[in-house]
Amino acid sequence: MVLGVLASFGPLSIDVYLPALPRVGGDLAAGAGAVALTVTSCLVGLGVGQLVVGPLSDRYGRRPLLLAGVAFFAVCSLACAVAPTLPVLVLARFLQALGGSAGIVLSRAIARDLRSGRELARLYALLISVNALAPILAPLLGGQLLRVTSWRGTFVALALIGGLVLVASASTVQESLAPDGRRPAGVRAAGRSYAALLRDRTFMGLTLASAMAFATLLGYITASPFVLQDVYGLSPQLFSGVFAANAVALLLGARLGDRVPLLAGLGVLLGGSLGVLAGGPDGAGPVPVLVGFALVSLGMGLTAAPLTALAMDGQGSRAGAASAVLGAAQFGIGGVVAALASRGASSGTAALGTSLVVTSAVALAVGAGALRSARAASSACARDGPPRRR
């Protein structure tokens, strides 16, 4: 349960804050595109932080970096609450995300330390199920907080949540990487780990498919407050309810992920994206947009755990670096897509729909190729058999 909460730092950092995005723009005299930078900087920080924390944890262990990261997240959340200008808020969000990245990358690495194969896939599905509670509860919390406080109060709430998670992590999460399983430290050692991963075609294919699927979800998450509130007139509270309902669809997908073929799940993701695009360039057609958002959430739930487990399985002592590459690709590509999808989101769904269709179509195509590569490698190993003793 604690690992699932740690894995939710990404959606938690974003989703509590989503209902307040239009108010931030009014308070700091910034447009939708400028305010969306506070989400983009958070996504970039989550990606960059994982690239640093992952290899370090392969050398120094998971627990020390985990506790330091959660504490830094809580402190930087308070910095966001008192930010006087939009540029300061963008910077504070980046630093907040650096701390939160430790929970994301290390929850995956700890899971890989403890499990492999089908058991690893089941554990990731459990983590995603717990993780799915964040997008259900976080926007509801954010919408209710706006009844009694300003957007700054949401960051105070995040600081308090960070403090509680720090206490829970310190008391329950034990070190999962034995000293004899750790890798050498230093830039060169990290570079060698990353180079080996980049040469692994199956891993990189699955990572790109996962990143594109995640980018589809993040594009929806970032632009939907403007589409649903500014175009269709939903209140922050009603938007939070719609967002929470879609998070239930993500949770349902996570529970069904091991029973539905991976490519079918990616097809659901593409179908939802096409529904959003069908809303029309002038913002007309709320029904296909709402159905599309629900299908995007369901498709992400169906594919997140299988893609992650397939990519992470077999990485062994490189689990931290592998988790870092996976997370950095997700949040790096997702940050770019989120910025593109938010442009013009207050006036229609054209940019959002186009972005989602492109990323989900690429996820389906690359995922199919990665699965073929994995099956070919498995068949080759089966033909060759175990190495002969000389």
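## Overall architecture

The secondary structure of the protein chain consists of 17 helices and 0 strands. The model is a predicted one, and its confidence along the protein chain averages a pLDDT of 81, with 88% of the residues scoring at least 70. Over residues 386–390, however, the pLDDT is below 50, and this stretch makes 0 contacts in the model beyond those with near neighbours in sequence.

## Burial, contacts and surface

Of the 390 residues in the protein chain, 55% are buried. When contacts are restricted to residues at least 6 apart in sequence, 86% of those in the protein chain join residues that are at least 24 apart. The area that the protein chain exposes comes to about 15400 Å², and carbon and sulfur atoms supply 67% of that area.

## Aromatic pairs

A search of the whole structure finds 2 aromatic pairs. In one of them, the ring centres of W151 and F155 lie 6.2 Å apart with the planes at 90°, and because an angle over 60 degrees counts as edge-to-face, the pair is assigned to that class. Both residues belong to helix α10 (residues 151–172), where W151 and F155 are 4 residues apart, about one turn of the helix. W151 has a relative accessible area of 3% and is therefore buried, the cut-off being under 20%, while F155, at 0% relative accessibility, also counts as buried.

The rings of Y220 and F293 have their centres 4.7 Å apart and their planes at 40°, so this pair is tilted. The pair links distant parts of the chain, since Y220 lies in helix α12 (residues 201–231) and F293 lies in helix α15 (residues 286–312), with their positions 73 residues apart in the numbering. Y220 and F293 are both buried.

## Helix α10

The helix that carries W151 and F155 can also be described by its length: α10 has 22 residues and reaches 32 Å from its first C-alpha to its last, which is close to the 32 Å expected at 1.5 Å a residue.

The buried residues of α10 include the two aromatic partners, W151 and F155, together with G153, T154, A157, L158 and A159. Further along the helix, G162, V165 and S169 are likewise buried.

Methods:
Residues are numbered from 1 along each chain as its sequence is written. This is a predicted model: local features need pLDDT of at least 70, side-chain atom pairs count only at pLDDT 80 or more; totals for chains, interfaces and linings use all residues. Side-chain values use heavy atoms; hydrogens and water are left out. pLDDT is the predictor's confidence in each residue, from 0 to 100. Contact means heavy atoms within 4.5 Å. Buried means under 20% relative accessible area, exposed over 50%, partly exposed in between (1.4 Å probe, protein chains only). Accessible areas come from the Shrake-Rupley method with a 1.4 Å probe; for residues, only the protein chains shown count as cover. Rings of Phe, Tyr and Trp (its six-membered ring) pair if their centres lie within 6.5 Å; planes under 30 degrees apart count as stacked, over 60 as edge-to-face and the rest as tilted. The expected span of a helix is 1.5 Å times one less than its number of residues.
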